[in-house]
Amino acid sequence: MKTQYFTATSLDGFIATEDDSLEWLFPLGDVNDTGYPEFISKVGALAMGSATYEWMLRNSQKIAEETGASWPYAQPTWVFSSRVLPAVPGADLTFAQGDVRAVHAEMRSAAADKNIWIVGGGDLAGQFYDAGLLDELILQVGSVTLGKGKPLFPRFTPTPLSLLSARQIGTGFVELRYQIPARATKNP
Ligand SMILES: NC(=O)c1ccc[n+]([C@@H]2O[C@H](COP(=O)([O-])OP(=O)(O)OC[C@H]3O[C@@H](n4cnc5c(N)ncnc54)[C@H](OP(=O)(O)O)[C@@H]3O)[C@@H](O)[C@H]2O)c1
């Protein structure tokens with residue numbers, strides 16, 4: 001069972017514009033051509049920050065048109081926020097805040113032998129990394145630069161990551177998979 005940060009990013013390391021738009025992302029390719037279908041089949045629990053969750057609330061109609069449901073995940077999902085946010089009827093949601101370690105333990109129980117997906121944003125993934133709980137980064141690096149925006153992973157990784165694979169997806173993406181070295185994980 002792994003904890004994986006799977007996300008699309010611009011070439012210059014942003015996962016959304018400053019105003020949380022993803023409109024730059026969708027013309028780059030079809031998600032079904034990426035590793036996503038296989039990836040999601042092995043996910044047993046998800047975590048996301050409030051900006052990501054609120055993007056999903058704002059775009060629920062578009063999500064429903066594309067996936068058939070305004071909340072597309074069957075897996076239990078933890079949403080990190082210090083605020084009270086509206087729930088999505090029928091979605092398996094838990095709202096959480098503070099230290100990610102206790103939440104990770106709950107997620108691990110829920111996921112059983114499946115993987116944990118840190119959906120984003122970058123700082124939330126960084127909080128799992130800081131706690132030594134992040135095993136892999138899986139990145140769809142888009143053929144576009146944004147100049148500024150929401151950062152992919154605002155952390156210093158003193159021990160280099162290990163590149164496990166690189167795969168071209170048309171002209172719009174390269175999919176990179178990195179393992180986070182053991183010495184940078186499982187901190188006390
Ligand atoms: N390119 C992609 O594939 C991709 C993937 C994922 C997300 N995105 C997009 O990227 C953007 C990410 O936004 P973001 O960088 O602002 O990240 P985010 O993680 O979605 O949201 C950050 C917010 O979550 C809350 N939060 C985070 N950690 C917390 C903790 N430990 N305890 C309590 N609250 C916590 C805080 O807000 P409050 O406490 O104020 O609620 C924080 O400001 C969104 O627009 C999203 O749609 C893109």
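**Reading a ligand site**

Mentor: Let's begin with the ligand, which sits in the largest pocket. On a 1 Å grid over the protein atoms alone, a pocket is an open set of points with protein on both sides within 12 Å along at least five of seven lines. A molecule sits in a pocket if more than half of its atoms lie within 2 Å of its grid points. This is a predicted model, where local features need pLDDT of at least 70, side-chain atom pairs count only at pLDDT 80 or more, and totals for chains, interfaces and linings use all residues. Residues are numbered from 1 along each chain as its sequence is written, and side-chain values use heavy atoms, with hydrogens and water left out.

Trainee: Which residues come nearest to the ligand?

Mentor: A residue is near a molecule if one of its heavy atoms lies within 4 Å of it. Here 23 residues surround the ligand, and Asp-20, Ser-50, Thr-52, Ser-81 and Ser-82 come nearest. This shell divides into nine nonpolar, 11 polar (Gly counts here) and three charged residues. Helix α2 gives the largest share, four residues; helices (H or I, at least four residues) and strands (E, at least two) are DSSP runs.

Trainee: What polar contacts does the ligand have with Asp-20 and Gly-121?

Mentor: A polar contact is a pair of N or O atoms within 3.5 Å. A ligand oxygen is 2.6 Å from a side-chain N or O atom of Asp-20, and an oxygen of the ligand is 2.8 Å from a polar backbone atom of Gly-121.

Trainee: How do I read the backbone at these two residues?

Mentor: Most residues other than glycine have a negative phi, and most peptide bonds are trans. Asp-20, in the loop between β2 and α1 (36-41), has a positive phi near 65 degrees. The peptide bond from Gly-120 to Gly-121 is cis, with omega near 5 degrees.

Trainee: How many aromatic pairs are there?

Mentor: A pair of aromatic rings is described by the distance of the centres and the angle of the planes. Rings of Phe, Tyr and Trp (its six-membered ring) pair if their centres lie within 6.5 Å; planes under 30 degrees apart count as stacked, over 60 as edge-to-face and the rest as tilted. The count comes to 14. Phe-6 and Trp-117 have ring centres 6.1 Å apart and planes at 85 degrees, so the pair is edge-to-face.

Notes: A polar contact is a pair of N or O atoms within 3.5 Å; within protein, one must be able to donate a hydrogen and the other to accept it, and residues adjacent in sequence count only if both atoms are side-chain atoms. On a 1 Å grid over the protein atoms alone, a cavity is a set of points where a 1.4 Å probe fits but cannot get out, and a pocket is an open set with protein on both sides within 12 Å along at least five of seven lines; lining residues have an atom within 4 Å of a point.
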